[in-house]
Amino acid sequence: DAQMAQTTDLVDGGPPVSGVTLLWTDQYAEGAVDHTSSYSLTGKVLSRSYDGQVMTVARHISGVEFTQVGSAITVRITSAVSGTSRESVASFQIRSNG
């Protein structure tokens with residue numbers, strides 16, 4: 001989703017937040033289709049809502065942070081299973097609107 005995104009609700013250069021909404025438009029011969037994808041942490045469950053359909057994407061999540069600097073989105077996820085804490089970090093470039 002992050003690589004498809006053209007816009008987000010993140011503040012460029014702002015502090016990390018625990019949820020994000022990504023928006024993009026796919027162009028087809030029949031016309032344009034708008035998409036919205038949101039990620040949020042509730043308790044220890046990370047959920048994804050894609051065009052209104054919600055699904056669990058990860059469990060045992062103790063923290064999630066989304067940030068944006070320019071066109072780069074960074075996601076930092078911390079999980080804890082059986083007393084072991086683990087952190088994963090990934091960065092993505094959003095598409096230009098042009």
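**Salt bridges and strand pairing**

Four salt bridges are present in the structure, which is a predicted model. Three of these contacts are described below, followed by the arrangement of the strands.

A convenient starting point is the contact between aspartate 26 and arginine 95, whose side chains form a salt bridge with an N to O distance of 3.9 Å. Aspartate 26 belongs to strand S2 (residues 19-28), while arginine 95 sits in the segment that follows strand S8 (84-93); the pair therefore ties together parts that lie 69 residues apart in sequence. The surroundings of the two partners can also be compared with the solvent in mind. Aspartate 26 has a relative accessibility of 15% and counts as buried, because the cut-off for that class is under 20%. Arginine 95, with a relative accessible area of 27%, is partly exposed.

Attention now turns to arginine 76, which takes part in two of the contacts described here. In one of them, arginine 76 meets glutamate 65, and the closest N and O atoms are 3.9 Å apart. This pair links distant parts of the chain, with glutamate 65 in strand S6 (residues 61-69) and arginine 76 in strand S7 (residues 72-81), 11 residues apart. Both residues are partly exposed: the relative accessibility is 36% for glutamate 65 and 32% for arginine 76.

In the other contact, the side chain of arginine 76 meets that of glutamate 87 in a salt bridge of 2.9 Å, N to O. Here strand S7, holding arginine 76, is linked with strand S8, holding glutamate 87, and the two residues are again 11 positions apart. Glutamate 87 has a relative accessible area of 48% and is partly exposed. Through shared partners, the salt bridges join Glu65, Arg76 and Glu87 into one network.

The strands themselves offer a second way into the model. An open sheet is formed by five strands, ordered S1-S2-S3-S4-S5, with antiparallel pairing. Strand S1 (7-8) and strand S5 (53-58) stand at the edges with a single partner strand each, so one side of each has no neighbour in the sheet. Further inside the order, strand S3 (residues 31-42) and strand S4 (residues 45-50) run antiparallel and are joined by six bridges. Within this pairing, serine 38 stands opposite serine 49 of S4. Strand S2, which also has a place in the sheet order, is the strand that carries aspartate 26, the buried partner in the salt bridge to arginine 95.

Note on methods:
Residues numbered from 1 in each chain as written. Predicted model: local features only at pLDDT ≥ 70, side-chain atom pairs only at ≥ 80, totals over all residues. Heavy atoms only, no water. Pairing = 2+ DSSP bridges. Helix = DSSP H or I, 4+ residues; strand = E, 2+ residues; numbered from the N terminus. Buried < 20%, exposed > 50% of the residue type's maximum accessible area, 1.4 Å probe, protein only.
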